[in-house]
Amino acid sequence: MFLCIFIIKNDMNRSYSKIRHIQESNQRLERRLLNEQENDNNYMELVSGQTYKFFPVVLEENRLRIIADTDDPYDSFKSLFDMKILSYTNKVLEGMVGETKIVYDEKIFTPKSVNNSSVFHSQPYPLAPKRYFCEKNNPKKCIMDINFGHTKLGLKNEFKKANDFLDLDKSQSLFSEVTDNNFDSLVLKSTVPFIVDFSAVWCGPCRIVAKTLTEIKREYGDKFEMGKLDIDLEKKTRDKYEIKSIPVVMIFKNGEMVKKIEGNKPIEEYKREIDSIL
């Protein structure tokens, strides 16, 4: 009995130690990102006449929280809504949500500190400065753009730093970077089949898919090319191919999408789909 209690206690101590290590690593990352982003004020452009997606958010103590049913990132994206921009000048945003015109004031939120419970909660990197907007007539009703209030360049750099800093995925080197700008030239005009891995840095199953595809690529060599597209950054391509959830893998051949594989599948299934078009 005493031996059993001793073993359980040791296991619990090891678990708590791992949790503390993860929390400390996350906090170091938060501080580093904040320091390196101080001079980055080029937020996502909001052009009059264009429609953009926004999250409803609420300011809670020392953080901005996306209003969603749960803290799951997938559920957070379900709360997105469309707004057509009427004007955005002098830090005042006017937009149409459905048939309703709403006027917002721009605000910048920079937390002073972060506690363990808020790390990676509902949105990436809670210590980084964020731009958000609150209604003039209802200051407690606020929204944030789909870039989580970050600049696009800042968000992209943060995602890369997060992968490097936390060592989330060492398989990236075999993937080309697929963007809205190079999708046609890189993917559609490829002389060999091209596999696009639609993913995001916060998506755990996506990293499993990336490692599976890397293993296949090493076996198949030059029979196909592959690239990774971040759905949080490359929204035009994401919307064109109606990506609603991830991971999603699409196989393109001769300029056309010929296979779509949703979810994390066994390696044999990916091989079977790839073999069918080679």
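Here are a few notes on this predicted model, covering one helix, some charged pairs and a loop residue.

1. Helix α7, spanning residues 267-275, is a nice place to start. Its residues I267, Y270 and I274 are buried. These three sit on the same side of α7, because the arc they cover around the axis is only 65°. That fits the general pattern: an α-helix has 3.6 residues a turn, so residues three or four places apart point the same way.

2. Turn α7 around and you will find E268 and R272, which are exposed on the other side. As for the buried residues of α7, their cover includes two elements from earlier in the list, β9 (194-199) and α5 (204-220), along with β11 (248-253) and β12 (256-262).

3. The structure holds 11 salt bridges. One of them joins K53 and D82, with 2.9 Å between the closest N and O atoms. K53 belongs to strand β1 (residues 51-60) and D82 to strand β3 (residues 81-89), so this pair ties together parts that are 29 residues apart in sequence. K53 is partly exposed at 31% relative accessible area, and D82 is partly exposed at 40%.

4. Two further pairs are worth a look. R65 bridges to E60, with the closest N and O atoms 3.0 Å apart; E60 is partly exposed, at 27% relative accessibility. E262 and K260 meet at 3.9 Å, N to O. Here E262 is partly exposed at 47% and K260 at 38%.

5. Finally, N138 lies in the loop between β6 (130-135) and β7 (142-145). With 33% relative accessibility, N138 counts as partly exposed. Its C-alpha atom is 9.8 Å from that of V103, 35 residues away along the chain.

Definitions and conventions. Residues are numbered from 1 along each chain as its sequence is written. This is a predicted model: local features need pLDDT of at least 70, side-chain atom pairs count only at pLDDT 80 or more; totals for chains, interfaces and linings use all residues. Side-chain values use heavy atoms; hydrogens and water are left out. Buried means under 20% relative accessible area, exposed over 50%, partly exposed in between (1.4 Å probe, protein chains only). Helices (H or I, at least four residues) and strands (E, at least two) are DSSP runs, numbered from the N terminus. The arc is that of the directions from the helix axis to the C-beta atoms. Contact means heavy atoms within 4.5 Å. A salt bridge is a side-chain nitrogen of Lys or Arg within 4 Å of a carboxyl oxygen of Asp or Glu.
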